[in-house]
Amino acid sequence: MNTDHHVILRVIAKMLIPVITMFAFYVQFHGDFGPGGGFQAGVIIAVAVILYALVFGVPAAMRAVPPVFTRSLAAVGVMIYAGVGFWAMLQGGHYLEYQALFHEPPGEHHGQHIGILGIELGVLCGVSGAMLTIFYAFAGRVAEIRDEDW
Amino acid sequence: MHSMFNGDFGIVLVNIFLLAILFATGVAIARMRSLFAIVMLSGIYSLVSAAWYVAVDAVDVAFTEAAVGAGMSTVVLLGAMLLTSRTAKPEKLFFRLGPMLVCLATGAALIYATVDLPALGDASSPANAGVGLTYLQVAWFETGIPNVVTPVLGSYRGFDTLGETTVVFTAGLAVALLLGFGERSLAERIRNESRPGERKANKASASSDEDPS
C-alpha cells in the first residue's frame with residue numbers, strides 16, 4: 001500500500017519550483033526597469049530551494065544544492081560585488097565608479113549598466129547563498145543525538 | 001457629501017482595512033500560545049504589511065517585505081520552532097504588567113511622534129525636497145536606468161549596498177558557525193540508508209522518511 005500522503009503537494013511543488021526560479025531571474029534582470037533587484041531575487045531563489053526542502057525533505061535538498069555550494073556562493077557573491085569595485089579602480093576610477101569601467105564621458109551609460117548588473121549578480125549570489133546557509137543550519141540540525149552515537 | 005466618493009476616499013478605505021487587519025493580527029499574535037500559529041500569523045502580518053506598502057507606493061519595500069518577511073523569516077522561524085517546544089508557557093498576570101507598560105509607553109511615544117510627520121507625498125517634506133529630489137532630477141542623465149531605486153542603491157549608494165551584502169553574508173556565516181552547517185542530517189540519512197533495517201525515528205528524519213527514493 002502506498003503510504004505517501006503528500007502526493008498532491010509534491011506534484012504542485014514540482015510544477016511551482018521552476019516557475020519560482022524563473023520569476024527570480026525575471027526580478028533579477030528586470031530590476032533596472034521595475035521593482036526588484038538582486039536582494040529580492042536572491043531571497044526568491046532561496047525560497048524555491050526551501051520549498052523543495054520542505055516538500056521532499058532536507059536531505060534531498062542538500063543533495064540537489066549542497067551546503068558546501070551555498071556557503072561558497074555567499075562568499076563568491078560578496079567577492080563579485082567587491083570585484084566590480086576593484087575593476088573600476090584598475091580602469092583608473094574610484095572604487096565602484098561605474099562610469100570609469102569603459103572610460104566613458106558623462107551621459108553615456110554602458111559602464112553604469114554593466115556595473116549595476118555586476119553588483120546585482122553579486123548581491124543575488126551573496127543573499128541566496130547566505131539565506132540557504134541559514135536555512136540549512138536551522139533545518140539540518142538533528143534534534144537529539146542517538147544513544148549509539150555517544 | 002459628494003467628495004466622499006472620489007479617489008481619496010477609496011484609498012482611505014483601503015488603508016483603514018489593511019491597518020485593521022494588521023491590528024487584529026498583532027492582537028491575535030499577542031494572545032496566542034501555540035508557536036506554530038504565531039509563526040504563521042507573523043507571516044500573514046508581513047504579507048498584509050507588504051500590501052499596505054503597495055498602497056502607499058513603496059513598491060520595492062513591499063517586494064522585499066513579501067519575499068523576506070512572509071517567505072524567508074517564516075520558514076526560518078518554523079525551523080527554529082522545531083528545535084524547541086510547540087507552545088509558549090503562560091505567564092503570570094503580574095509579570096505581564098511590565099511588558100504591557102513598555103508597549104503602551106512606546107505606542108504613546110510613536111503616536112506623539114506622528115503629529116510632526118509630514119503628510120504622505122508632501123513635496124516639501126525633507127525626504128522629497130533634499131537629496132531625493134536631486135536623485136530624481138539627475139539619475140536618468142547620469143545612469144540611464146528607468147527605475148530610480150536601482151541607481152540610488154547600486155550607483156549613488158554602492159558602498160551602502162556592499163555593506164549590506166557583507167552584513168547578510170556575515171549573518172549567514174555567524175549562524176553557520178553557531179549552529180553548524182546542517183550537514184549532520186545528511187550524514188544521518190546516509191548512515192540510515194547503509195543500514196536499511198534499523199531506521200530510527202527521530203525528529204530530523206521524520207520528514208526525510210517521506211523521500212520518494
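This report describes a predicted model of two chains, A and B, and the contacts between them.

Residues are numbered from 1 along each chain as its sequence is written, and chains are lettered from A in the order in which they are written. Because the model is predicted, local features need pLDDT of at least 70 and side-chain atom pairs count only at pLDDT 80 or more, while totals for chains, interfaces and linings use all residues.

## Chain A

Chain A holds 5 helices and 0 strands, where helices (H or I, at least four residues) and strands (E, at least two) are DSSP runs numbered from the N terminus. In sequence order the pattern is α-α-α-α-α. The radius of gyration of chain A is 20 Å, well over the 15 Å that the globule rule gives for 150 residues, so the chain is more spread out than a compact globule. That radius is taken over C-alpha atoms, and the globule rule is 2.2 Å times the number of residues to the power 0.38. The C-alpha trace of chain A spans about 70 × 40 × 20 Å along its principal axes.

Of the 150 residues in chain A, 48% count as buried. A residue is buried if 20 or more other C-beta atoms lie within 10 Å of its own, exposed if 12 or fewer, and partly exposed in between, with C-beta atoms placed from the backbone. Among the contacts in chain A with a separation of 6 or more, 62% are between residues 24 or more positions apart. Two residues are in contact if their C-beta atoms, placed from the backbone, lie within 7 Å.

The loop between helix H4 (67-90) and helix H5 (110-139) of chain A contains Leu96(A). Leu96(A) is not a glycine, yet has a positive phi of about 65°. This leucine, Leu96(A), is buried, with 23 other C-beta atoms within 10 Å. His103(A) is also placed in the loop between H4 and H5 of chain A. The phi of His103(A) is positive as well, near 55°, in a residue other than glycine. With 11 C-beta neighbours inside 10 Å, His103(A) counts as exposed.

## Chain B

Chain B has 10 helices and 0 strands, and reads α-α-α-α-α-α-α-α-α-α along the sequence. Buried residues make up 22% of its 213 residues. Of the contacts in chain B between residues at least 6 apart in sequence, 42% join residues at least 24 apart.

An unreviewed UniProt entry places the feature "transmembrane region" at residues 12-30, 35-55, 61-82, 94-115 and 161-181 of chain B. The same kind of record gives "domain: MrpA C-terminal/MbhD" for residues 21-83 of chain B (unreviewed entry) and "domain: MrpA C-terminal/MbhE" for residues 124-179 of chain B (unreviewed entry). UniProt positions are given in the numbering used here, feature names are shortened, and annotations may be inferred rather than shown by experiment. The table lists the content of some of these spans.

| Span of chain B | Helix | Strand | Distance between end C-alpha atoms |
|---|---|---|---|
| Residues 21-83 | 89% | 0% | 30 Å |
| Residues 61-82 | 100% | 0% | 30 Å |
| Residues 94-115 | 95% | 0% | 33 Å |
| Residues 124-179 | 84% | 0% | 49 Å |

The domain assignment of chain B gives domain 1 (7-89) and domain 2 (130-198); such bounds come from an automatic or database domain assignment. The C-alpha centres of domain 1 and domain 2 of chain B lie 22 Å apart.

Leu35(B) belongs to helix H2 (residues 35-55) of chain B. Leu35(B) is partly exposed, with 18 other C-beta atoms within 10 Å. Apart from neighbours within four places in sequence, Leu35(B) is in contact with Met81(B), Arg86(B), Thr87(B) and Ala88(B). The C-alpha atoms of Leu35(B) and Leu78(B) are separated by 8.8 Å, although the two residues are 43 residues apart along the chain.

H6(B) has a kink of about 40° centred on Gln137(B), the bend at a residue being the angle between axes fitted to the seven residues ending there and the seven starting there. After H6(B) comes Gly144(B), with a positive phi near 70°.

## Interface

Between the chains, 54 residues of chain B are in contact with 58 residues of chain A. On the side of chain B that touches chain A, at least two residues each come from helix H3 (59-82), helix H6 (131-143), helix H7 (149-156), helix H8 (158-179), helix H9 (183-194) and helix H10 (205-208) of chain B. H8(B) gives the most to this side, with 13 residues. By class, the side of chain B that touches chain A has 24 nonpolar, 20 polar and 10 charged residues. Here Ala, Val, Leu, Ile, Met, Phe, Trp, Tyr, Cys and Pro count as nonpolar, Asp, Glu, Lys and Arg as charged, and the others, Gly among them, as polar.
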